[in-house]
Amino acid sequence: MPDFSIYHTKDQVFEEVENLVKANAQIMKLDVLAISDEVSDPPYRSSLKVVTVEPGGHTRDHDKKMRLLLNYGEHGRELITVEVALRLLQILADPSAELERGDRPGGPGKARLKALLHNTVFKIVPMENEKGRDLVEGGNLCERKNGRGVDTNRNWEVHWGHKEKDYDPNEEYPGTKPFSEPEAAALLALARKFKPHVWMNAHSGMEALFMPYDHLPHIPTGEVAQATLQVLEKLNNVTCGGRCALGSGGKSVGYLAHGTATDYMYERLKVPLSFTWEIYGDNDAHFNDCFRMFNPVSLEAFDKVVTSWADGIFALLELLPSHPAIPRTNTQPHSGGRKVEPGATRSSREGVSDGGNASPDRRLGAAVQGWQNRMSEAARLRVFDAPGSRKGLIGGLCVALVAIVGFVVLVRGGGRAAAAKRAARRKREEAVL
Ligand SMILES: [Zn+2]
């Protein structure tokens, strides 16, 4: 069983969520949505709990803010993702330490980070798959599907039901039709109403920062997708220690996935920054040891993962104003000095409302401008710790050398024993998204 001296049980998770919301009612709100399929026999019933967080205080509509929809706990066995959601809520309840970190070298500065936070609204689903989680806590540590055997991350309408040659219904049964599952249908309704700029779906099983497509082996073309890839590259350095696989889920994970939420959010709801973050994986775990495969087992590793990926949301926030699909009205209106690349598609992309009538906030705009410059500088510093100097050059050469050696090892490592091991692990590893 999971070590519940480290991990929260489902009940403890929601007790903590309720306490946080109660204690911070001026910025947090909890919606408990009853979701069900009454037509099925027996009826299938669950709930979807959504925490709305507005660090700047509740507003009636969210048109003028950056909107992030963050989903955790979609797969029951990936308990660690739920812990990240909890940590994120704790930080948002009291962001003072996080704001101090804004003053780190290369950081945005405390005041600027605060301004950015105040211009954001989060919708956080700490545990999408409550019924699947019940099964896991009941002892089925390998269960990823919902309470009636459907992988909700295959239940969305983009390329729904398409099956690869090695399709395994035990891992990724997509349901009887798109949105047959109350969990997916409820998230769809939520996203339609909220119109997020960012969708982030947290998973575990490997370390990766994915963007569309999951059902095609490449990322979308165009400026917006390229900018999104750049965001992921920076996050990889800041949040993932440079270890994360990057790019299209369908290419990077080694198989195509059909009917995923991330593809739907991007393609149908036009959510410009649509992500699947894979936050942890243990390649040395036995393929039957699902808990260890998907979740850190030591307190030290647990803390590291939870802290990194909760902070990752703030790192993302810092990068958003420079993304061409984030309407300027939502971040830095009329900064005056900000350069916009020729042909940059700002303001309202199709389907994503920017409100269109946000009042200018010059101070915030100027603040974000200066901060952005520092961020891009910081991003460079993280790659080559002394840019332009010999040290930077040597650092770059070392990275290249390690990459070449790594590649050679990878190519030569295809021995028979390794191949057998890989085959045994494959089914489970394939189903991380
Ligand atoms: Zn998953």
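Which residues does Asn 71 touch, not counting residues up to four places away in sequence? They are Val 125, Glu 128, Leu 187, Met 200, Asn 201 and Ala 202. Two residues are in contact, or touch, if their C-beta atoms, placed from the backbone, lie within 7 Å.

This is a predicted model: local features need pLDDT of at least 70, side-chain atom pairs count only at pLDDT 80 or more, and totals for chains, interfaces and linings use all residues. Residue numbers start from 1 along each chain, following its sequence as written.

**Overall build**

The protein chain has 15 helices and 8 strands. Both are DSSP runs, numbered from the N terminus: helices are H or I with at least four residues, strands are E with at least two. The chain has 433 residues, and 44% of them count as buried. Buried means 20 or more other C-beta atoms within 10 Å of the residue's own; 12 or fewer is exposed, and in between is partly exposed, with C-beta atoms placed from the backbone. Among contacts with a separation of 6 or more, 76% join residues 24 or more positions apart.

**The core**

The largest nonpolar core holds 88 residues. Such a core is a set of buried Ala, Val, Leu, Ile, Met, Phe, Trp, Tyr and Cys residues joined through C-beta atoms within 7 Å. Val 84, Ile 124 and Leu 209 have the most contacts inside the core. Helix H2 (residues 79-93) gives the most to this core, with 9 residues. Val 84 touches Tyr 72, Ala 202, Ile 279, Val 306, Trp 309 and Ala 310, leaving out residues up to four places away in sequence.

**Three buried polar residues**

Asn 71 is found in strand S3. Glu 54 sits in the loop between strand S2 (44-53) and strand S3 (66-71). Glu 278 belongs to strand S8 (residues 273-280). Why do they count as buried? The table gives the neighbour counts.

| Residue | Other C-beta atoms within 10 Å |
|---|---|
| Glu 278 | 26 atoms |
| Glu 54 | 20 atoms |
| Asn 71 | 30 atoms |

An unreviewed UniProt entry lists Glu 278 under "active site". UniProt positions use the numbering here, feature names are shortened, and annotations may be inferred rather than shown by experiment. Neighbours within four places aside, Glu 278 contacts His 203, Ser 204, Gly 205, Met 206, Glu 207, Ala 208, Phe 210 and Val 432. On the same basis, Glu 54 contacts Ile 27, Thr 59 and Val 121.

Two pairs link separate parts of the sequence. Glu 54 and Lys 123 are 69 residues apart in sequence, with C-alpha atoms 8.9 Å apart. Asn 71 and Thr 276 are 205 residues apart in sequence, with C-alpha atoms 9.5 Å apart.

**Helix packing**

The axes of H1 (residues 10-23) and H2 come within 10 Å and cross at roughly 15°. H1 is therefore roughly parallel to H2. Axes are lines fitted to C-alpha atoms, for helices over the stretch in contact, and angles run from 0 to 180 degrees between N-to-C directions. Under 35 degrees is roughly parallel, over 145 roughly antiparallel, 65 to 115 roughly perpendicular, and the rest oblique.

The axes of H8 (residues 223-239) and H12 (residues 299-319) also come within 10 Å, crossing at roughly 140°. H8 and H12 are therefore oblique to each other. Residues in this contact include Val 231 and Leu 235 of H8, and Trp 309 and Leu 316 of H12.
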